[in-house]
Amino acid sequence: MKWLRNASIRTKLILLAGTAVLFALVMSSTGMIVSDIRMIRWATIEQLEVQARMMEFNSDGVLAFADDRAAEDLLQSMSLQPAVEVACLLGTDGNVFAAYVKNDDQPLDIPAQLVEGAHVTASGHIEIVMPVREDDGNGELVGTLYIRANTDNIAAHTASQIRFIVLVSLVSLFVAVTITAFLQNAISRPILRLSEAAQVITREENYSIRVSREAKDELGTLYRSFNQMLDALKSTHDEVALQAERLAKEVGVRKRAEADLLIAKEAAEASNRAKSEFLANMSHEIRTPLTGILGFTDVLLTGGDDGDMAKRIEYLTTIQASGKHLLTVINDILDLSKIEAGRVEFEHEACKPDQFVQDVLRVLQVKADEKSLALSARWETQIPRLIYTDASRVRQALINLIGNSIKFTSQGSVEVIGRLIEYQNRPQLEFDVIDTGIGIVEEQLVKIFEPFVQADSSVTRRFGGTGLGLAITRKIARGLGGDLTAVSEIGDGSTFTLRFDTGDISGIPIITPSAAEQPHTVEAARPAARIVSSEINVLLVEDGDTNRKLIKLLLERAGARVTTAINGAVGVEVALRESFDVILMDMQMPVMDGYSAARRLRDCGATLPIIALTAHTMTGDREKCLDAGCTDYLTKPINAELMFAAIERAMQTAAECDAVSAVADMA
């Protein structure tokens, strides 16, 4: 009875009083009921015996003369007794001479052996057996009178008594509990006050609290003893607190100094480790392609190609590949930095999922063909015709995953399996990139998604790479509402699973996409095209001598006439003095930057296209250039084809605007 031990004194007192009253009532009521039942039963028996004697007195003649009709009339008088169920006269041979049955369907059921007198049967009935004799009971035996009566009146009376007693008991119990609850305050309330005071003192450690009770009983003595104990405790506590305060100050100062020193040491060591690891990785990844660029450049500058055009092309191809690799490293680092800094804003525009899968396979087919790998894609389910996501980031993620699988697969295949799923009540696209490559050990599966981490140190030496691709891809997936996971076995290949939200596709038709397997063909390299069929005038504003020479060379080879300026101030002066078709404007320059130069030209009424050239690729940089007055935006290092395409777009837009203006003037 743990709950009883933990109950309050108030509850215990009430339970005690209630239990005592209830027990007394039950005992007394039980005795009354038992006594009442016994009295009623014997009263019933005595009444039946009197009735039986009267009937026996009148039955001797009936039995002597065998007058069965008179016997039945005589027995019929027993109907005046509701409790009598059966009454009968038996002959000396034991056969029934006449009988009365209360219910017609009730059997006589007379015992085989009759015992003279009145007694109660096991079934609760009262049976009376009385011999009938001649001459008022003193003569010869002429028969037997048998009466059986039920005790329903006793049961009904008992039930009524029990209901009455239960009602009285409940009322008595309620009254007793109410009186006890009222009176117990004299005992429990002082104890509760003492307990509350002790809890407050323990919680607040305030030993100045005192409890007061003027009674001279045991509780009053307890209150006085409690206050005396508090006086002693307060004195001791104050002394201990004073000493503890002095000690705590000394220990606190020492611990804070040690903690600060430890934190500073750990932070410095962590910073040094992170810096060393970052610098080591960066140094390796940047110096490796730089070695190729600078080394083969030195070879060409010193005539190391021996005038052999094949060697020269080989060396230049190596320089170009190293430069592209270096650009990839820088882009990966910038992408990772932007994502971790939260400066990447993911777009949600309509795009066709089957289209960007085909685009990715078309881009990577050449790499697969170089290693004789089968590259294919298929859809397991129907998909929406359109989804709403950042298509460029999805392409980047798929290119990273598929390119990674191609890199680590020497033979066999790379397969992409796409499906539409529902994840946490949201529609998502899921792609499995399955390869037959070298596989990854289980303990390395988690680490491969960390920046600059690959399966082991030999991987970088064998396959190259920065170790940033998977980290970037997982962050892209999570930024698009999904995730990137992987399973792998050594020697049996790997499966990378990419999933992301599709956006709201309610109302978008669900289609069965066509197979996305790409033919093993490689598009022939296209020769550099001219910008336009006739020469155009281009103003190039660029402070970097190398970039200025390179861009001028590319433009002149494409058929343009190029005028250069070394900063924004010179560029504005030249642009206002001469006539140009388009301006290529670097945005970071001394004296006057490109933003200020573009605004100055627009303020002066210049309407010619201005294309921004910038190394800034963070979120918002494009908008910043357009807000300054530029009409387009190119990132460095400059890609010749993208630059020519931007100039063509600018020229076409300018021509359309001129045509509209001419029509308006004619009207």
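## Second largest pocket

In this predicted model, the second largest pocket has a lining of 16 residues. Those nearest its centre are Thr607, Pro609, Ala650, Thr653 and Ala654. The space in the second largest pocket amounts to about 360 Å³.

Helix α17, which spans residues 640-666, supplies the largest share of the lining, with 9 residues. Sorted by class, the lining of this pocket consists of 9 nonpolar, 4 charged and 3 polar residues.

## Nonpolar surface patch

Leu167, Val171, Phe174, Val175 and Ile179 together make a nonpolar patch on the surface, with an area of about 480 Å². One of these residues, Val175, belongs to helix α5, which covers residues 152-183.

The relative accessible area of Val175 is 39%. Buried residues lie under 20% and exposed ones over 50%, so Val175, at 39%, is classed as partly exposed. Patch membership requires over 30% relative accessible area, and the 39% of Val175 satisfies that cut-off.

## Arg499 in strand β13

Strand β13 runs over residues 493-501 and contains Arg499. The relative accessible area of Arg499 is 13%. Because the limit for a buried residue is under 20%, Arg499 counts as buried.

Arg499 and Val394 are 105 residues apart along the chain. The distance between their C-alpha atoms is 9.7 Å.

## Positive phi angles in two loops

Most residues other than glycine have a negative phi. Two loop residues with a positive phi are described here: Gln424 and Val591.

Gln424 is not a glycine, yet its phi is positive, at about 50 degrees. The residue sits in the loop that links strands β10 (413-423) and β11 (426-435). The relative accessibility of Gln424 is 56%, and the cut-off for exposed is over 50%, so Gln424 is classed as exposed.

Val591, also a residue other than glycine, has a positive phi near 70 degrees. Its place is the loop between strand β17 (582-586) and helix α15 (594-603). With a relative accessibility of 73%, Val591 is likewise classed as exposed, because this value is over 50%.

How values were computed:
Residues numbered from 1 in each chain as written. Predicted model: local features only at pLDDT ≥ 70, side-chain atom pairs only at ≥ 80, totals over all residues. Heavy atoms only, no water. Patch = residues over 30% accessible without salt bridge, like charges linked within 9 Å, V, L, I, M, F, W, Y side chains within 5 Å. Areas by Shrake-Rupley, 256 points an atom, 1.4 Å probe, with all protein chains shown as cover. Salt bridge = Lys/Arg side-chain N within 4 Å of Asp/Glu carboxyl O. Helix = DSSP H or I, 4+ residues; strand = E, 2+ residues; numbered from the N terminus. Buried < 20%, exposed > 50% of the residue type's maximum accessible area, 1.4 Å probe, protein only. 1 Å grid on protein atoms, 1.4 Å probe; cavity = no way out; pocket = protein on both sides within 12 Å on 5 of 7 lines; lining within 4 Å. Points joined across faces, edges and corners; volume = space filled by probe spheres on them. Nonpolar A, V, L, I, M, F, W, Y, C, P; charged D, E, K, R; others polar.
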